[in-house]
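Reader: Could you take me through this structure? I would like the overall fold first, then some helix packing.

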Amino acid sequence: NRASQRALELAPDLAEAHFGMADLLERGGREQEAVPAFKAAVAANPTFIAAQLRLADALRRTDQLEESLSHYRQVIALEPADLAARFGEAMALVRLDRYAEARDRLAEGLTVHPEQAIFRQALARILAAAPDEGVRDGERAWKLVEAISKEQAHPGAFETLAMVLAELGHFDLALDWQRLAMS
């Protein structure tokens, strides 16, 4: 903490010093205080991807969802394949009840990262359970979950399967899979 503070005194425009301070604050459970330090790092160097991403995540976790979106999108503009930014953006959209946009971002993420089960499962959940009927698509969700390999079988995957089965009207099977997820 003292080293970061001293670095900021000597070079107040040094993005890495602001980032270091923000990191320390965040790790110390002082996330609200970390946000301005992450913002200072981004202001000093807008192409500092790690700072943009950590700022976006901190904003999302502190319910500054709209503002988080611009930083996730900046990361994606700088590094189109950034998995964390693509997923974080989609989660912020879900929390903003913008389910159609979240669905579309998750579908894009799945296209960029077809090997990542996190996009497949999150997209299936949106398609199975979004409050917006125009977003729900049980058949499409089923195609996503039936592709989940046995190596990816874990409680979260079982719960996703239960959600999809319930959307398709197979309530007894959904209940069985939900019980398995809870056990």
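Author: The overall fold comes first, followed by two helix pairs and a single residue. This is a predicted model, in which local features need pLDDT of at least 70, side-chain atom pairs count only at pLDDT 80 or more, and totals for chains, interfaces and linings use all residues. Residues are numbered from 1 along each chain as its sequence is written, and side-chain values use heavy atoms, with hydrogens and water left out.

Reader: How many helices and strands are there in the protein chain?

Author: The protein chain has 11 helices and 0 strands. Helices (H or I, at least four residues) and strands (E, at least two) are DSSP runs, numbered from the N terminus.

Reader: And what box do the C-alpha atoms fill?

Author: Along the principal axes, the box is roughly 65 × 30 × 30 Å. Of the 183 residues, 43% are buried, where buried means under 20% relative accessible area, exposed over 50%, and partly exposed in between (1.4 Å probe, protein chains only).

Reader: Turning to packing, at what angle do α7 and α8 cross?

Author: Helix α7 (residues 99-112) and helix α8 (residues 117-129) cross at roughly 155°, and their axes come within 9 Å. The axes are lines fitted to C-alpha atoms, for helices over the stretch in contact, with angles from 0 to 180 degrees between N-to-C directions. α7 is therefore roughly antiparallel to α8; angles under 35 degrees count as roughly parallel, over 145 as roughly antiparallel, 65 to 115 as roughly perpendicular and the rest as oblique.

Reader: Which residues meet there?

Author: From α7, Y99, A102, R103, L106, A107, G109 and L110 meet F119, R120, A122, L123, I126 and L127 of α8. Contact means heavy atoms within 4.5 Å.

Reader: What about α9 and α10: at what angle do they pack?

Author: Helix α9 (residues 138-145) packs against helix α10 (residues 155-167) at about 150°, with the axes 9 Å apart. These two are therefore roughly antiparallel as well. On the α9 side the contact involves G138, A141, W142 and V145, and on the α10 side T160, L161, V164, L165 and E167.

Reader: Changing topic, why does Q32 count as exposed?

Author: Q32 counts as exposed because its relative accessibility is 53%. The residue belongs to helix α3 (residues 31-44).

Reader: What is Q32 in contact with, apart from its neighbours within four places in sequence?

Author: With those neighbours set aside, Q32 is in contact with T62 and Q64. As for A17, it lies 15 residues from Q32 in sequence and 18 Å away in space, C-alpha to C-alpha.
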